[in-house]
Amino acid sequence: MHERAVLEKMRWSKGLGVWDYDHYRKATFVLVKESPKAIRIKLIDKSRKNYDGLVFWMPKSITKEYNDQDPNIKTAWFWE
């Protein structure tokens, strides 16, 4: 049942197409909040020790390959 709930939650995320790699960039982040049309994220940069990531809303319409396998850290591709 939990597996089905996860699949339902991520149904809005589409896969990358052949030409998308030129226009999308992969980001690592913490999910702060989710609304029906957007996700609020906090960017993570593991290479910078004292980095306090930017927090902002990203529309789901420009988000692809959302991955929430890890309970804390998420990844997705965002349109540039």
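This note goes through a predicted model of one protein chain point by point, from its overall make-up to particular residues.

1. Overall make-up. The secondary structure of the protein chain consists of one helix and five strands, and read from the N terminus these elements follow the order α-β-β-β-β-β. The chain has 80 residues, of which 30% count as buried. Its accessible surface comes to about 6200 Å², with 54% of that area belonging to carbon and sulfur atoms.

2. Contacts along the chain. Among the contacts in the protein chain with a separation of 6 or more, 49% are accounted for by residues that stand 24 or more positions apart. The pairs discussed in the points below give particular cases of parts brought together in this way, beginning with charged side chains. As a general matter, side chains of opposite charge can pair when their charged atoms come close.

3. The salt bridge of Lys64 and Asp20. The count of salt bridges in the model comes to three, and one of them joins Lys64 to Asp20, with the closest N and O atoms 2.7 Å apart. Lys64 belongs to strand 4 (residues 63-67), whereas Asp20 sits in the loop between helix 1 (2-9) and strand 1 (24-34), so this pair ties together parts that are 44 residues apart in sequence. Both Lys64 and Asp20 are buried.

4. The salt bridge of Glu80 and Arg25. Here the closest N and O atoms are 2.9 Å apart. Because Glu80 lies in the segment after strand 5 (74-79) and Arg25 in strand 1, the pair ties together parts that are 55 residues apart in sequence. As for accessibility, both Glu80 and Arg25 are exposed.

5. The salt bridge of Glu34 and Lys60. The side chains of Glu34 and Lys60 also meet in a salt bridge, at 2.8 Å from N to O. Glu34 is in strand 1 and Lys60 in the loop between strand 3 (55-59) and strand 4, so parts that are 26 residues apart in sequence are tied together by this pair. Glu34 counts as partly exposed because its relative accessibility is 29%, a value that falls between the limits of 20% and 50%. Lys60, at 12% relative accessibility, counts as buried.

6. The aromatic pair of Tyr21 and Trp77. Three aromatic pairs are found in a search of the whole structure. One of them is formed by Tyr21 and Trp77, an edge-to-face pair with 5.5 Å from centre to centre and 85 degrees between the planes. Since Tyr21 is in the loop between helix 1 and strand 1 while Trp77 is in strand 5, the pair ties together parts that are 56 residues apart in sequence. Trp77 counts as buried, with a relative accessibility of 16%.

7. Phe29, Phe78 and their cluster. The ring centres of Phe29 and Phe78 are 5.7 Å apart and their planes stand at 50 degrees, so this pair is tilted. Phe29 is in strand 1 and Phe78 in strand 5, and the pair therefore ties together parts that are 49 residues apart in sequence. Both Phe29 and Phe78 are buried. A cluster is made up of Phe29, Tyr66 and Phe78, which are linked by ring pairs.

8. Ser13 and its polar contacts. Ser13 is placed in the loop between helix 1 and strand 1, and at 19% relative accessibility Ser13 counts as buried, the limit for that class being under 20%. Which backbone atoms does the side chain of Ser13 reach? The side chain comes to 3.2 Å from the backbone nitrogen of Glu65, and a polar atom of the side chain lies 2.7 Å from the backbone nitrogen of Tyr66. When neighbours within four places in sequence are left aside, Ser13 is in contact with Lys64, Glu65 and Tyr66; Lys64 is a partner in the salt bridge with Asp20, and Tyr66 is a member of the aromatic cluster.

9. Ala27 and its surroundings. Ala27 is a residue of strand 1 and, with 12% relative accessibility, counts as buried. Ala27 and Ile44 are 17 residues apart in sequence, and their C-alpha atoms are 8.0 Å apart in space. Not counting residues up to four places away in sequence, Ala27 touches Leu43, Lys74, Thr75, Ala76 and Phe78; Phe78 also forms the tilted ring pair with Phe29.

Methods:
Residues numbered from 1 in each chain as written. Predicted model: local features only at pLDDT ≥ 70, side-chain atom pairs only at ≥ 80, totals over all residues. Heavy atoms only, no water. Salt bridge = Lys/Arg side-chain N within 4 Å of Asp/Glu carboxyl O. Helix = DSSP H or I, 4+ residues; strand = E, 2+ residues; numbered from the N terminus. Buried < 20%, exposed > 50% of the residue type's maximum accessible area, 1.4 Å probe, protein only. Phe/Tyr/Trp six-rings, centres within 6.5 Å; stacked < 30°, edge-to-face > 60°. Polar contact = N/O pair within 3.5 Å; in protein donor to acceptor, adjacent residues only side chain to side chain. Contact = heavy atoms within 4.5 Å. Areas by Shrake-Rupley, 256 points an atom, 1.4 Å probe, with all protein chains shown as cover.
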